[in-house]
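User: Could you take a close look at the place where the ligand sits? I would like to see how the protein holds on to the ligand there, and what lies around that part.

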Amino acid sequence: MKRVFSGVQPTGGLTLGNYLGAIKHFVRLQEEYDCFYCVVDLHALTVPKDPKELRTLIVDTAAYMMAAGLDPEKVTLFVQSDVPAHSELSWIMECTATFGELSRMTQFKEKSEGRESVSGGLFTYPALMAADILLYDTDVVPVGEDQKQHVELARDLAIRFNSRYGDTFKVPEPVIPKTGARIKSLADPSRKMSKSDTDPYGAIFLGDSEDEIVKKVRRAVTDSGREIIYDPDNKPALANLLTIYSHCADIPIEKLEEMYAGKGYADFKKGLAEAVIQCLKPIQKRHREMSESGYVKEALVEGARKAMEVSTPVLKRAKERLGLPNHMMG
Ligand code: TYM
């Protein structure tokens with residue numbers, strides 16, 4: 001069985017972008033692959049967090065992943081900081097990556113732009129992400145478009161390490177969905193939908209109430225012209241809404257164009273809001289059940305145990321190649 005690895009940050013609620021671009025695919029892949037899915041809490045520390053809030057968000061993120069359909073009987077679901085090998089290999093990856101490479105990461109450039117002070121962790125973040133992936137002899141990494149450059153760096157670091165020290169890491173492949181890999185902000189289609197969107201109407205969260213969804217969809221920006229057609233170059237806002245609609249309702253975009261031929265934005269938005277509500281309803285219901293059950297924490301303990309079992313020998317292998325003694329690793 002081929003191996004899949006991917007991660008989700010526990011920073012604020014999960015968005016519809018996280019779901020359509022990544023988590024929905026994680027669920028599909030669990031049937032065919034040996035999947036490792038990680039709540040990457042160490043990545044969340046690149047910006048200071050309230051410890052109480054972070055503690056809650058870590059479990060809540062896992063609860064949403066399970067509510068979306070991940071089955072801990074089929075996948076290994078765990079929290080990054082529960083498996084110390086991630087931090088350890090991260091340092092090794094920092095020493096494998098170059099300053100130039102890390103400086104070229106577009107996410108770092110975007111997130112650091114205009115800020116007076118950013119943490120060192122924000123800069124070295126892709127090295128930790130490479131460690132996450134390489135620790136599990138990963139074949140494929142399903143991610144949204146925004147993470148592709150980071151997965152490509154993980155590939156480059158694996159290849160570099162292997163050529164310096166001998167075959168050690170499997171070289172992973174990013175897998176990006178054909179559509180829905182970059183869900184845009186409802187308030188500004190030039191930006192991705194993000195947990196940290198400053199516009200309160202930009203992102204739909206998996207926990208949003210029906211009223212909130214209706215309000216956000218109603219306020220979503222649209223393009224000039226009345227026709228409901230998919231034209232990402234000239235009608236980027238509508239193209240984004242059509243993509244969301246298509247994925248939530250499982251209706252091809254061409255069919256949606258037919259359904260709304262001769263109708264206006266008001267009808268379209270009504271249908272879209274309903275599609276999003278129906279898509280999120282079962283997830284929200286299961287999330288409530290999960291959160292009350294105590295099952296999530298149990299699954300995370302078992303997940304960390306399995307993750308440790310697989311990652312420890314890989315870390316040991318890397319340390320051996322580097323000439324580090326491994327005195328305490330048996
Ligand atoms: P994060 O937490 O920002 O996002 C989790 C996943 O959701 C995808 N995503 C989107 N997809 C489509 N449209 C959007 N608007 C959108 N927003 C987010 C992301 O591409 C991602 O797949 N660095 C990663 C987490 C990570 C990781 C890893 C991923 C850490 N280690 C190892 C893969 C492998 C991140 O911050 O994702």
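**A close look at the ligand site**

Analyst: Let's start with the side chain of Tyr-125, where an N or O atom is 2.6 Å from an oxygen atom of the ligand. Please keep in mind that this is a predicted model. The backbone takes part as well: a polar backbone atom of Gly-144 is 2.9 Å from an oxygen atom of the ligand. On the nitrogen side, Gln-147 places a polar side-chain atom 3.0 Å from a nitrogen atom of the ligand. How much of the ligand's accessible area does the protein cover? On its own the ligand has 710 Å² of accessible area, and the protein covers 97% of that.

Now for the shell as a whole. There are 27 residues around the ligand, and those that come nearest are Gln-9, Tyr-125, Asp-132, Asp-146 and Ile-183. Tyr-125 is thus one of the nearest residues as well as a polar partner of the ligand through its side chain. In terms of secondary structure, at least two residues of the shell come from each of strand E1 (3-8), helix H1 (16-29) and helix H6 (120-134).

Helix H6 leads us on to a neighbouring loop. Between H6 and strand E4 (140-142) runs a loop that contains Asp-137. With a relative accessible area of 23%, Asp-137 counts as partly exposed, because buried would require a value under 20%. The side chain of Asp-137 makes a polar contact of 2.8 Å with the side chain of Arg-317. Beyond four places in sequence, Asp-137 is in contact with Arg-3, Lys-170 and Val-314 as well as Arg-317. Thr-168 is 31 residues away from Asp-137 along the chain, yet their C-alpha atoms are separated by 9.2 Å.

Helix H1 leads the other way, into the nonpolar interior. Leu-16, where H1 begins, is among the residues with the most contacts inside the largest nonpolar core, a set of 61 residues. Helix H11 (residues 265-293) gives the largest share of this core, 11 residues. Why does this core lie between two domains? Domain 1 (3-181 + 294-322) and domain 2 (210-288) both contribute residues, so the core lies between them. Leu-280 is another of the residues with the most contacts in the core. Apart from neighbours within four places in sequence, Leu-280 is in contact with Leu-16, Ile-204, Phe-205, Leu-206 and Ile-213. A second core, separate from this one, has 39 residues, including Phe-108, Phe-123, Ala-158 and Phe-161. Phe-123 falls within the range of helix H6, which brings us back to the ligand shell.

Key:
Residues are numbered from 1 along each chain as its sequence is written. This is a predicted model: local features need pLDDT of at least 70, side-chain atom pairs count only at pLDDT 80 or more; totals for chains, interfaces and linings use all residues. Side-chain values use heavy atoms; hydrogens and water are left out. A nonpolar core is a set of buried Ala, Val, Leu, Ile, Met, Phe, Trp, Tyr and Cys residues joined through side-chain atoms within 4.5 Å. Buried means under 20% relative accessible area, exposed over 50%, partly exposed in between (1.4 Å probe, protein chains only). Helices (H or I, at least four residues) and strands (E, at least two) are DSSP runs, numbered from the N terminus. Domain bounds come from an automatic or database domain assignment. Contact means heavy atoms within 4.5 Å. A residue is near a molecule or strand if one of its heavy atoms lies within 4 Å of it. A polar contact is a pair of N or O atoms within 3.5 Å; within protein, one must be able to donate a hydrogen and the other to accept it, and residues adjacent in sequence count only if both atoms are side-chain atoms. Accessible areas come from the Shrake-Rupley method with a 1.4 Å probe; for residues, only the protein chains shown count as cover.
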